[in-house]
Each structure stands twice: as structure tokens, then as C-alpha cells.
Amino acid sequence: MTADTRETVPPPASYWRELVAYRGLLWTLALREIRVRYKQAVLGAAWAVLQPVLLMVVFTLFFSKLLHVPSDGIPYPLFVFSALLPWTFFANSLASAIPSLTNNAHLITKVYFPREVLPLASVLAAGFDFCIAGIVFLGMLLSYDVNLTVGLLWLLPLLVIQVGFTAGIVLLLAALNVSYRDVRHAVPLLVQLLMFATPVIYPVSVVPERFRFWYLLNPMGGLIEGYRRVVLHGVPPEFFGLGLAALVSLLLLVAGYSYFRRVEGEFADVI
Amino acid sequence: MPGIATSGVSKGSLPTSSKEAVITVENVWKRYRRRGVSRALREELTAWFRRPFRAPEPPDTFWALRDVSLRVAQGEAVGIVGPNGSGKTTLLKLVAGISRPTQGRLAVGGRIASLIELGAGFHPELTGRENLFLNGALLGLSRREVRRRLDEIVAFAEVQEFLDLPLKRYSSGMAVRLGFAIAAHADSDVLLLDEVLSVGDARFQQKSLGRMRELRARGATIVLVSHNLPTIGLFCERAVWLQRGEVASCGSAGEVIEAYQREAMRGDGRPDKGPAVARDGDLLAVEGVRLLNSAGEETRDFRYREDLRVYLAYACRERLVRPAFTLTVRGGEGRIFQASMLLEGTRPDCLEGSGEVECTFRGIPLAPGSYHIVGSVRAEDGVGYLMLPRVVGYFTVAADLSTYGWTSETAPACLPEVAPVIVPHEWRFHTRPRASA
């Protein structure tokens with residue numbers, strides 16, 4: 001026990017050890033968030049499905065039927081739903097994780113635990129909704145007779161990159177939100193705008209080639225295109241887009257987590 | 001076991017000498033903003049533009065701790081006393097890792113359970129069981145560990161039949177008991193307690209204290225913040241007295257408590273420095289104390305109007321001429337009664353070697369509560385001390401309400417305001433017929 005006495009500023013390697021030691025808390029907080037969210041809701045977890053499904057219906061009506069947005073030869077409902085799933089996961093993660101520190105001020109000022117557990121648990125809880133909606137999507141795929149191949153294993157790295165990207169953003173913005181409550185007001189707006197800069201309602205193919213690099217600096221762009229290729233077209237993701245997404249995500253994760261660790265000692269004082 | 005909560009800013013190198021120090025606080029300073037609120041970006045921007053014109057230390061900050069050092073060895077229990085706002089909780093929060101020191105060094109080894117607020121993280125919509133898992137996770141327990149201890153925790157908290165009800169259906173007492181129970185069963189190496197031994201009724205307090213003793217016996221290190229000085233004296237060997245963020249005094253619990261009480265009773269004068277507390281200068285040392293009740297049994301629990309017999313074992317360093325022993329019984333609000341050889345003129349002519357002095361208080365008229373006994377020995381001149389005043393013993397008077405003529409319906413609500421001494425009395429009305437106009 002005494003051998004564990006550590007220097008006051010722990011080295012980065014210990015962050016991971018500590019996070020592993022508190023994995024039970026991560027899990028429990030995520031469960032709490034899910035339970036509390038659906039406890040007194042009559043429809044319960046159906047809400048997790050309702051949100052992307054309704055958006056799919058509305059988007060199909062407006063963008064496909066009225067505006068004739070192209071969809072690379074894929075039925076538009078499938079096309080848009082395949083993007084809405086990861087996008088809703090991303091947007092909901094941000095919406096619940098960014099205010100997670102300030103919403104749990106009573107915990108932060110009274111108990112010690114690695115603070116990143118709070119936003120990460122929110123991401124995990126959003127992941128639960130994502131899985132539920134994913135089951136519905138699977139049903140849709142089967143009813144549209146889409147071929148499910150071994151290529152679906154590509155979903156794994158795609159998801160890992162998306163979670164890394166989300167975690168990076170969420171750690172950065174949740175920490176900023178402790179000092180500047182402006183963040184939580186700005187984020188929903190920015191997320192909405194970002195959706196139009198992401199191939200959710202239209203395919204990447206409509207973006208002119210010369211803007212592609214800048215366009216794909218948004219990791220969600222490369223990721224969503226990747227999801228579509230893997231699930232709907234049955235081909236591997238495009239390596240340029242995916243690599244760029246992975247690189248940007250990694251940089252953001254490192255930057256976000258470092259910033260978080262640097263300021264987390266003051267959370268209890270300023271929150 | 002994983003070391004979990006360490007925090008702070010490093011200054012200088014880590015001394016590796018004392019192996020058994022579990023908590024090391026070295027020259028720690030902590031500054032807070034007076035307005036503990038976060039600023040909107042707009043304010044921050046305006047502040048940034050004004051920055052060149054600002055004084056180096058912003059006026060809206062204050063030092064909550066100034067140059068505090070403390071070392072706690074494994075298995076030790078240390079109490080922290082001091083008036084409100086003296087930095088006790090701040091110190092505890094720094095040790096817990098909740099907040100970081102502005103300056104200085106702080107290291108803690110082992111798994112920490114901070115009981116700064118019981119049931120932190122309890123959610124009213126979730127059941128007691130779900131909340132237990134959540135609270136356990138906050139203390140660093142895995143779900144499996146919580147499950148293994150579940151029965152023990154629930155039995156300790158006495159909430160068996162409510163376990164699957166949402167917490168909002170609990171009484172506040174039940175919720176707090178649950179919070180204490182989980183923290184007390186977390187197998188932590190270091191326990192930080194902020195006033196939490198005074199939750200629940202008298203019986204639960206006794207139980208909590210008993211549990212803390214058990215944990216200590218297993219090697220846990222305990223830091224206890226409390227306004228309840230007898231609890232600190234009862235439980236801790238050492239104590240630290242904080243005054244305006246500085247260590248006013250530090251030493252054996254009895255001495256520090258006594259010094260603090262002396263100071264607290266001298267009006268509300270706030271000394272910048274605590275009075276000097278003698279440590280080893282005593283010519284007479286107390287070796288042990290036994291408290292006996294009317295039946296001659298050794299106990300700490302007494303009943304109203306029972307005899308209290310105190311046996312004080314002493315050892316003299318040299319031949320002492322006409323020493324004057326004083327035993328004072330004190331409660332939360334100060335001295336209540338005493339026996340004083342100085343005033344009574346019953347001193348022995350001389351005393352040497354070691355022995356025991358016995359003093360019997362007949363029929364102590366005390367209200368239910370906890371009390372402590374302060375002993376001191378004056379020298380021949382009646383001014384100097386052979387032994388400085390120190391807490392030598394503790395006892396409680398049990399709340400057997402009927403012995404006071406109280407009823408269980410009326411008493412609990414009034415208990416906090418009860419005067420410490422209750423002498424036999426009776427009420428009588430002498431009515432006069434109303435004068436008719």
C-alpha cells in the first residue's frame with residue numbers, strides 16, 4: 001500500500017491505470033444515465049429508435065421526394081438512416097456529455113474520482129441508444145435484401161475512430177464548459193450546422209473534388225462515408241478519408257484529454 | 001491496491017525517508033476565488049483586456065490554507081478541529097484529491113474513501129440497491145465487490161425492507177445511514193470523515209464509531225473533521241487545530257482539544273497563533289483511566305443519577321509536594337462540574353512513584369449525551385501545572401427517557417436544546433380565580 005504513494009502530479013501512464021481502476025464507475029454511471037432517462041418515460045427505450053426513425057421519414061420526404069437529392073443508387077431511407085445512426089450517436093453524445101460535469105457538480109465537489117469518467121459515461125450511454133437503433137437498422141437492411149458480408153467487420157475500426165473522435169471533443173468541451181457556460185449553448189447550434197457539412201442527407205460524391213480534403217477534415221465525413229460503403233455497398237472504406245479521420249481524431253483526443261487533465265484540478269473550485 | 005487519489009503541484013523533491021507516512025502534506029497553500037462562480041466568456045474577455053492594469057494578486061481571492069503541513073502514518077487517526085471557515089474541509093478535500101493545492105506538496109497512498117458528504121451521488125429516482133452500486137463505484141468498488149458486501153452493508157444501514165424502493169421514499173436518516181454504511185464497508189486504506197460520525201441517532205452514532213474502531217484495528221488510516229470534540233478525543237491520538245487556514249497547534253488530541261476549547265471559551269477572540277501546548281514537560285503523567293458505575297463495573301455508558309467513579313493511574317517523575325488534582329466534567333458547551341483538590345484543600349502532602357487516585361461523583365445529574373473528563377494537576381503554588389489540562393476520559397449518558405420523566409413523543413425534537421444538567425424538580429400551578437369586573 002505504501003509503495004503506492006505517488007508523486008503529486010501523476011504521470012500520464014497512471015491516467016490509464018486509474019481509469020481502469022474506475023471502470024466500474026464508468027459502467028455504473030452509464031447505467032444510471034440510461035435508467036434515469038427512461039425510468040418515467042412511457043415509451044422507454046423506444047425513444048432511442050424514434051428519434052432517428054422520425055428524422056429518416058422527414059428527410060426522405062423532403063430531400064428525396066421533393067428535392068431529389070441523389071443517394072448513389074441506394075434507396076433513400078436506407079441511405080439516410082445509415083448516416084443518421086452514427087450521426088445521432090455523435091450528436092447525442094455531445095448533448096449529454098458536455099454538460100455532464102456541471103450537471104454533476106455535487107459529485108465533483110464532494111467525491112474524488114477521475115473526472116473524465118462523467119463525460120465518457122455519457123458517451124457510453126449514448127452508445128446504448130445507438131445499439132438499440134442499430135437493431136432496427138438491421139431489420140431494415142434485411143427487409144431491403146441488402147447483402148451482409150464479412151466486410152461488416154470494418155464497422156469495428158470505424159466505431160473505434162468515431163468513439164475516439166467523440167471522446168476528444170467531449171473531453172475538451174466539457175472541461176471548457178466548466179469555466180464558460182457559453183459552450184453548452186453554442187454546441188447544439190454548431191452540431192446542427194456541422195450536420196450539413198457532413199454527408200448525412202447527401203453523398204460525398206456531390207462535393208467537388210478540390211474541396212474534398214478540407215471537407216474530410218471533419219472526421220464524421222470520412223466515417224459516415226465509410227459506414228455507407230461498408231454496410232450498403234459492401235466495399236471497404238476509402239483509405240484517404242478514413243486515415244484522415246483517424247489522424248484528426250487522434251490529435252483531438254490527445255489535445256482534449258491533455259487539456260482536461262490540466263484543468264480538472266480546478267473543477268471543484270470553479271464549478 | 002491501486003493508489004487512486006493524489007493531486008497537487010509538485011515543489012521540490014519527494015522525500016522517501018518516512019516509509020509509513022500514508023498522507024503527506026507539505027507547506028500546502030490553497031487560494032480560492034471569493035466568488036466561487038464561473039464567469040461567462042464575456043467577463044473573461046473583458047478581464048483579459050484589462051489584464052495589464054490588474055494587480056498581481058486579484059483582490060477577489062483569499063487563502064483558505066496557509067503553509068499547512070501534516071504527516072499521517074499508517075493506522076493513525078488524526079482529528080482536525082477549528083472554528084467554521086478555518087479550512088478544515090478544504091484540507092480534507094485536498095487530501096481526497098477533490099481539489100488541488102495552489103502551492104505545496106501533497107501525497108496520499110492507498111485507496112481513499114472520502115466521506116465529506118454521505119450519499120453523494122445518490123439519485124432519488126433510483127432504488128436503494130441501485131444507489132448502493134453507484135455509490136460503491138464512486139468509492140472505487142467494482143460491482144462484484146459491492147455485491148459481495150451487499151448484505152453486510154444493508155444490515156448495517158438497517159434498510160433491508162426498503163432496499164428496492166426508490167430513494168425518494170427514504171427518510172433522510174435512512175439515506176444517510178445507507179451512505180455511511182457503504183463508505184464504511186469500502187475497505188479503504190484511508191478514510192476522510194467530515195462530521196459524519198454525528199449522523200443518525202445516538203445508537204447509530206455508537207455503531208458508526210464502533211465500525212471506525214474496527215477499521216482502525218485492521219490498519220486503516222483515519223482523518224476526522226468534527227466540531228464534536230469528545231468524538232475526536234475519543235477516537236484520535238493526534239489532532240490538528242486549524243485557525244484561519246493556519247495550523248495553530250498540533251499534538252496529542254487531548255492537548256490540542258483542551259487548548260482549542262480554552263481559546264474558544266475566551267470569547268470569540270481569534271488568536272493568530274494558538275497558545276503553546278506543553279508536550280513532554282509534565283512532571284506527572286496519566287497512565288490510564290478507568291470509569292466505574294454504581295455497580296462497580298467498568299464502563300463508558302452511564303445512566304442518569306448514577307455514580308461515576310474515576311480511577312486515574314498516575315506516574316510521578318519526581319517527588320511532588322502538595323499536588324492538586326482537578327477533574328472537570330465537560331460537555332459540548334463547556335465545564336459542567338468538577339472536583340478540585342485545589343479548592344477543597346484536600347491535597348496529599350506529597351506524592352511519588354506511581355499509583356491511582358480515585359474520585360467518586362455521586363449521582364451525576366446529566367442529560368443524555370456524551371461528555372469528557374479533563375484532568376489537570378497543579379503544583380504546590382497552585383498556579384503552575386504538574387500536568388497540563390488534558391482529556392483523560394469519555395463517557396456517555398444513555399437516553400433512557402423515562403428516568404428523566406420525559407416521554408418519547410416530546411423528547412427527540414427537543415434533545416439538541418437540552419441543558420446538560422437536570423436536577424430533580426417538580427411543577428406546580430397556583431391558580432387564582434379571575435377577578436370579575
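Reader: How far does helix 5 of chain B reach from its first C-alpha to its last?
Author: This is a predicted model: local features need pLDDT (the predictor's confidence in each residue, from 0 to 100) of at least 70, side-chain atom pairs count only at pLDDT 80 or more, and totals for chains, interfaces and linings use all residues. Residues are numbered from 1 along each chain as its sequence is written, with chains lettered from A and ligands numbered from 1 in the order written. Helices (H or I, at least four residues) and strands (E, at least two) are DSSP runs numbered from the N terminus. Helix 5 has 13 residues, 172–184, and at 1.5 Å times one less than that number its span comes close to the expected value, reaching 18 Å.

Reader: How many residues of helix 5 of chain B are buried?
Author: Buried takes 20 or more other C-beta atoms, placed from the backbone, within 10 Å of a residue's own; 12 or fewer is exposed, and in between is partly exposed. Among those that pass are Phe180(B) and Ile182(B). The helix is mostly covered, and of its 13 residues the buried ones number 10.

Reader: Which strands of chain B stand at the edges of the 10-12-17 sheet, and why is one side of each left without a neighbour?
Author: The sheet is open and its pairing antiparallel, where pairing needs at least two DSSP bridges. Strands 10 and 12, for instance, share 8 bridges. Each edge strand has a single partner, so one side lacks a neighbour in the sheet; the two are strand 10 and strand 17.

Reader: Where in chain B is confidence highest?
Author: The chain's mean pLDDT is 79. Helix 10 is lowest at a mean of 53, while the highest, at 93, is strand 17.
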